[in-house]
Amino acid sequence: MTTAPPPPLIELSGYSFQYRAQSAPTLHDIDLVVRRGEKVLIVGASGSGKSTLLSAINGLIPHHHRGTASGTLRVGGKDPAEVPLVETARVAGTVLQDSNSQFVGLTVAEDIAFSLENQQVPSAEMPARIERAAALAGIGDRLADSPHDLSGGQKQRVAVAGVLVDDVEVLLLDEPLANLDPASGRAAIELIDDLHRDHSRTILLVEHRLEDVLHRDVDRIVLMDGGRIVADAPPAQLLASGLLERHGIRPPLHVAALRYAGAPVRAEQRPARSADMDLDEDQIAAVRRWVRDGGDAAAAAADGAGGADGVGERAPALELEQLRCEIPVGPERSTLALAEVSARIARGEMLGVLGSNGAGKSTLARVICGFERATGGRLRIGGVDAHGWSLTERGERVGFVLQEPGQMISQPQVTEEIALGLRARGLGREESEGRTAAVLEICGLRPFRSWPVSALSHGQRKRVTIASVLALEPEVLILDEPTAGQDFAHYTEFMDFLRQVNTAGTTVVLITHDMHLALEYTERVLVLSGGRLLADEHPAVVLTDPGLAARADLVTTGLHELARRCGITEGHTLVRRFVAADRAAREVAP
Amino acid sequence: MTRTHSPVTQVVAIGIGAALFFVLGRFVAIPTPIPNTSINIQYAILAVFAVLYGPLVAALAGLIGHVLIDATGYGIWISWELASGVFGLVVGLLLLRNAIAEGEFGRAFAARFTLAVVLANAVAWLLIAPAGDVLFYSEPANKVWVQGALAFVTNTVTAAVLGLLVLSVYARTRTRTGSLSHEQ
Amino acid sequence: MTAPLLGYIDRPGPLHSLSGVSKLVLALSVVVGAMIGFDLRYLVAVSAGSLLLWGISRVRLRDLAVVLWLIVIFMVLNNIGIFLFAPGYGSELFGTEHVLLDGPWHWDVTAEQLVYQLAVTAKYFAVLPAVLLFVATTRPPEFASSLARLGVPYRFAYAVSLALRYIPDVQREFRTISQAQQARGMDTSRNVALGTRIRHLTSILMPLLLGTFDRIESVSAAMELRGFGRGTGRTWLVRTPLRGRDALVITVSAALVAVPIVLLVVNGGRFWNPFA
Ligand SMILES: Nc1ncnc2c1ncn2[C@@H]1O[C@H](COP(=O)(O)OP(=O)(O)OP(=O)(O)O)[C@@H](O)[C@H]1O
Ligand SMILES: Nc1ncnc2c1ncn2[C@@H]1O[C@H](COP(=O)(O)OP(=O)(O)OP(=O)(O)O)[C@@H](O)[C@H]1O
Ligand SMILES: [Mg+2]
Ligand SMILES: [Mg+2]
């Protein structure tokens, strides 16, 4: 096995880039080589320059984003800055961070055909090629559908098919999992891996959901921080090195657990997946001891989280009774987005809402806030029937952070955006400024406070919307996918703050696809599927019920697998122990 | 100086601009105290497009958007659709040189914008639309003039007020070269 | 406003199976023909034809009820407007005056005025069903490719296609944004003064617009990455072949434009004068 390495397809050396508007470079001195047939994952904190790096490779820099670049960059032997965009695109196909804007056709088939149409391929030749690409991407049965009828995950597949139809060598994927439910996320990773292995595509992938990506093998992980590459190594080596934590990235949970147990995993043990990692006797013993000895701490942590006891007797914040919502989608047609959902949410509770893509989670939040009219049932907010309340009236009691940050941000500047709602509520200047400063700090936005929103990264924008609702201090807070696209360091910061406001009496509802988030922060979750309430249980119960988890497209985390491997029958005890250790570690080193 | 947009961006701006024009024109009518007249905010948006993307984009976005509104509502009425296009065209031509994209929005620009909007509205609603009605549809001249004058007044006021507001905010979202750094 | 108004109605009928090109030609000819012609007989004939098409199209009145109501109201208002402003316009056009009803001041109802206003109304009736039917029976993807086949530059045709693609998105976006802002206290209902309402309205318009500019950027980047605009032309996936029926429709369309031009000569003017 001493063949020469395949030639580099993408090559950056000493590459730096500074956006026109910035006073300092966003990318510093990047050295990166991607060879034919490799699969490389890029991770890094939000705002560390991952999307910018992809833009440099696919030529959007400088053809779409202006700024100054230095150093050398070669894609397929050519400098993307010097050839037209399409020429680079013939080598490297891009699936953008926002797959909705990539969907330009009126139907799936048309969108996949887009590139062929531009190359003036005769109409008669197109259907065969479309079908092949669609089958590869696993969307072959939806060719006649329009974008509005597809879920987030399906749109992602269309975007992949639209790139594959061209026989590109490299696929650049920017956060393809951001809004996918756990099962679709796995499916997407499997799809990408098939393309890599069976169709020998080179893959360059940016993603925050490291554990999900590692569900299938990658060749290397590139770790970015502050616009620099701080590590570029095979996954095993990087996971064992502890570098990820130091740069604000959460390693897969089982890796972190082994470290907390005092028996960190070594690179040669193949730590990427908890199911096929080599564990030695000492490690297993260490984990068992760690779980056993930490029983008290874990129990204490459980009490801290939301304080489940006595919830039943507390005054209700939200009461849903047989709530139903039909959304009209055309003449004489409507979809049933919510069907007879009943639940009671007590004041001061922290509650999770889980379920597949399109299960009706966002719709539930929208009905509570009055964005969508309930077509049946009853909703009480703070014990009072909310029927007939205006949006503004509901908004005074219930704060809602939407899934899509662009739909909330209306002011040019970060600070003004936060102050907007405060002003509409008629708060005094001093009070407003105090609250604004506080939430800026919590959401990690202080350095950007006078920046225009247009210069923020995707994750930073989402934090602006969270900050602007937190500042209003509502009785009930609903957050739709607050951690999507966020790095670990930032999300623990505002999640811990959320827990603080929760202990102070605010009711918090978290809509999320992140199972571990639900386990760590909530004592109770509602599981939706096809608009129906499947379960109203403790998150651990939900995860350990295979039938329920499958129906709701949930996937157990690596911790459960680790527990099984260590012969701990009650997987949840390990999870609790982990959460407690996690919290303790954070308190020591904030 | 004006940014020149690539032809692809222009095509997209026409398409999405027309969609925006359609949605605002079709669903967002703010009633006024005067019966049967509502504030048409889509012309303010068209003026903003004219400033940012140039006369051609605004003209075509206005034309397509208005044709779509009419094709799904009142039936094609060519003279008024043309007038929408001409409005975008004239505003764009009069404001070809501007530095809004660089974040510059001063009194001088505000004055120029207002003047351009008044002129463009005059051409569209006092000239093109009524003349077209008389020529194509043989409508009585005094009726179409009164209609045109009414449209002129309401559209001028909304386009000038709303357009300026939007542009002033937009200008502040634009950043000057090298202006951003982390603050402590 | 969640229910889409602009709508293809998926209920296959004879019109649905025609090629988009021939339907577009037909709709355009009706528009142009009705624009040129003011001969009441021609307009009535075209209106009858339009109604006939509606009958065989399998599009139900109910499908378009909202739109039709709007039109009726608009038409009534327009007629009232014409009568208020120019009650003598008919007599002016035809050169005679047969008073049917003696009204106050100059508002006498004359036969000439009735014929004239009838013609104006018939124009509406001729054009409207044809255009609505075209919209209701043509799949949006065919819109753009039909335009391109008629010789319209492909960039323009694609802009039309993009407009159709993004209308539902913009609509949904607008709704969500306005709700999110209202929930944060930016009331735009009648409960607040007009000035405040306008200020709050801009707080809705801004995210919509900023989002739109961002979207224009990212969509054009996505399109350029996929090779849009690299060639001088472009092929289209969706193109229904032209068949015998289409040829018939196109012939009829040509006649629809030719007839009013002939009538122009025959009548010695745009109007057919029943009083001569
Ligand atoms: N168009 C732009 N103009 C100016 N600055 C920008 C622009 N786009 C991004 N930046 C800045 O560059 C930095 C890196 O942004 P980038 O989008 O590459 O981050 P990212 O690593 O992809 O983050 P995320 O995970 O949140 O998507 C950010 O601090 C951002 O403020
Ligand atoms: N405005 C709308 N028009 C038509 N259908 C809609 C609309 N909003 C939601 N739906 C449909 O209602 C269902 C529930 O959607 P919802 O957005 O609540 O899902 P979700 O659980 O939040 O999914 P995700 O995890 O992808 O965000 C979906 O089938 C969706 O297609
Ligand atoms: Mg990014
Ligand atoms: Mg959702």
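Okay, let me start with one side chain: Glu326(A) comes out partly exposed, at 29% relative accessibility. Bear in mind that this is a predicted model. The partner of Glu326(A) is Arg324(A), and the two form a salt bridge with their closest N and O atoms 3.5 Å apart. Arg324(A) is partly exposed too, at a relative accessible area of 22%.

Now take another pair in chain A. Glu473(A) and Arg435(A) also meet in a salt bridge, again 3.5 Å from N to O. Glu473(A) sits in the loop between α19 (458–470) and β16 (476–480), while Arg435(A) is in helix α18 (residues 429–442), so this bridge ties together parts that are 38 residues apart in sequence. And are these two buried or exposed? Well, Glu473(A) counts as exposed at 53% relative accessibility, whereas Arg435(A) counts as buried at 16%.

Some of these charges team up, by the way. Lys39(A), Asp193(A), Asp194(A), Arg197(A) and Arg216(A) are joined into one network through salt bridges that share partners.

Then there's a pair across chains. Asp111(A) makes a salt bridge with Arg226(C), and the closest N and O atoms are 3.6 Å apart. Asp111(A) belongs to helix α5 (residues 108–118) of chain A, and Arg226(C) to the loop between α8 (194–225) and α9 (244–267) of chain C, so the pair joins two chains. Both Asp111(A) and Arg226(C) are buried. If you want the full tally, we get 45 salt bridges over all chains.

Okay, on to the metal. Which residues coordinate the magnesium ion, ligand 4? That's Ser362(A) through OG and Gln403(A) through OE1, at 1.9 to 2.3 Å. Those two come from distant parts of the chain: Ser362(A) is in helix α15 (residues 361–368) and Gln403(A) in the loop between β15 (398–401) and α17 (414–424), 41 residues apart. Gln403(A) is partly exposed, by the way, with a relative accessible area of 31%.

That loop follows β15, which brings me to the sheet. Chain A has six strands forming an open sheet, in the order β15-β16-β17-β12-β18-β19, with mixed pairing. At the edges you have β15 and β19 (532–537), each pairing on one side only. On average, neighbouring strands are turned by 15° against each other, if you ignore direction.

Let's zoom in on one pairing. Strand β12 (residues 350–355) and strand β17 (residues 507–511) of chain A run in the parallel sense, over four bridges. There, Gly352(A) stands opposite Leu510(A) in β17(A). And α19(A) packs on the sheet, touching β15 and β16 of chain A, with its direction at about 175° to that of β15(A).

Last stop, the nonpolar cores. The largest one has 142 residues, and those with the most contacts inside it are Leu24(B), Phe49(B), Phe87(B), Trp125(B), Phe213(C) and Met223(C). Which element gives the largest share of this core? It's helix α5 (residues 111–137) of chain C, with 16 residues. Leu24(B) is a good one to click on: leaving aside neighbours within four places in sequence, Leu24(B) is in contact with Ile41(B), Gln42(B) and Ile45(B), plus Phe174(C), Leu205(C) and Leu208(C). There's also a second, separate core of 87 residues, and among its members are Val43(A), Leu177(A), Leu223(A) and Ala549(A).

That's my tour, thanks.

Note on methods: Residues are numbered from 1 along each chain as its sequence is written. Chains are lettered from A and ligands numbered from 1 in the order in which they are written. This is a predicted model: local features need pLDDT of at least 70, side-chain atom pairs count only at pLDDT 80 or more; totals for chains, interfaces and linings use all residues. Side-chain values use heavy atoms; hydrogens and water are left out. A salt bridge is a side-chain nitrogen of Lys or Arg within 4 Å of a carboxyl oxygen of Asp or Glu. Buried means under 20% relative accessible area, exposed over 50%, partly exposed in between (1.4 Å probe, protein chains only). A nonpolar core is a set of buried Ala, Val, Leu, Ile, Met, Phe, Trp, Tyr and Cys residues joined through side-chain atoms within 4.5 Å. Contact means heavy atoms within 4.5 Å. Donors are N, O and S atoms within 2.8 Å of the metal (3.2 Å for Na, K and Ca); water is not among the atoms, so sites may look incomplete. Two strands pair if DSSP finds at least two bridges between them. Axes are lines fitted to C-alpha atoms, for helices over the stretch in contact, and angles run from 0 to 180 degrees between N-to-C directions.
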